[in-house]
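Biologist: I would like a close look at a single part of this model. Please keep it brisk.

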Amino acid sequence: MLLKAIRFLRRPHLPRSLETRLQQVSPPLHRLLKYGTLDATSKKYWDAVWRDEGPSTWRTYPNLFEIINRAILPHSHVLDIGCGPGILLNRLRLDHSCKCIGLDLSSVAMGFLNQVGIPSVVAQLPDIPFQSASFDAVVATEVLEHLEDPASTLQQMKRVTRAGGLIICSVPNECLTTEECDEHLHNFDPDSFAALVSGLGNGRISTVRDKGGDKLVAVIRTADRHKRES
């Protein structure tokens, strides 16, 4: 019976209104029927999400991506963690000739990067399996709110960023809360986000309006080697 329900929900002609209503009434049931798992933090869940959405996903943020595109210098070596199908990385590669690498929990998402020639790694955050000081910029857009331990992930991002490099991350600003979005484990406002990213380096937090509501975006420059030694 459950298998029949899953097949029914996944039928391409299913009215969007019915799926939306089910998501509102019972998010856990919606997750189970649409993605085959109750755990919105699992590899199984995100493999199903990216198999369903692919590169045409709604999870692209033009205003946020423009801020990042302006902040990162041409030819930078960039790591995007939780990158999904690589929309941002592909833009950085095309606009700035950046050397890009993607990291995500989902092997399905990484398959899309491979199709366009962007190297990728499947890993479970906070693990970032690269040597220290490997990247000019490390990016995490709309990722930290999904993680059980976002602080540990930020410390790993700092570890793999070169001295004087950039750490860029964003989270929803008091919207898409844990009550509203069952994929999210944390809620952030300007104060809690500032506390989370404190100690990473010097930078600023700004607000940008984009899909799904306002985002908080931190653009942080790590201390350069000379300042660390002084």
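What covers the buried residues of helix 6?

Modeller: First, the ground rules. This is a predicted model, where local features need pLDDT of at least 70, side-chain atom pairs count only at pLDDT 80 or more, and totals for chains, interfaces and linings use all residues. Residues are numbered from 1 along each chain as its sequence is written, and side-chain values use heavy atoms, with hydrogens and water left out.

Helices (H or I, at least four residues) and strands (E, at least two) are DSSP runs, numbered from the N terminus. Helix 6 spans residues 87-96, and its buried residues are Leu 88, Leu 89, Leu 92 and His 96. Buried means under 20% relative accessible area, exposed over 50%, and partly exposed in between (1.4 Å probe, protein chains only). These four cover an arc of only 100° around the axis, which puts them on the same side of helix 6. That arc is taken from the directions from the helix axis to the C-beta atoms.

Now the cover. It includes helix 5 (62-71), strand 1 (77-81), strand 2 (99-104), helix 7 and strand 4 (135-141). Just after helix 6, Ser 97 has a positive phi of about 55°.

On the other side in sequence, Gly 82 sits in the loop between strand 1 and helix 6. Gly 82 is partly exposed, at 28% relative accessible area. Leaving out residues up to four places away in sequence, Gly 82 touches Leu 103, Asp 104 and Val 143. Contact means heavy atoms within 4.5 Å.

The covering strands belong to a sheet. It is open, has seven strands in the order 3-2-1-4-5-7-6, and its pairing is mixed. Strand 3 (120-122) and strand 6 (202-210) are at the edges with a single partner strand each, so one side of each has no neighbour in the sheet. Two strands pair if DSSP finds at least two bridges between them. Strand 2 and strand 3 run parallel, joined by three bridges. Gly 102 has Ser 120 in strand 3 as its bridge partner.

The covering helices pack on this sheet too. Helix 5 touches strand 4, strand 5 (161-172), strand 6 and strand 7 (213-221), and its direction makes about 150° with that of strand 6. Helix 7 touches strand 2 and strand 3, at about 170° to the direction of strand 3. Axes are lines fitted to C-alpha atoms, for helices over the stretch in contact, and angles run from 0 to 180 degrees between N-to-C directions.
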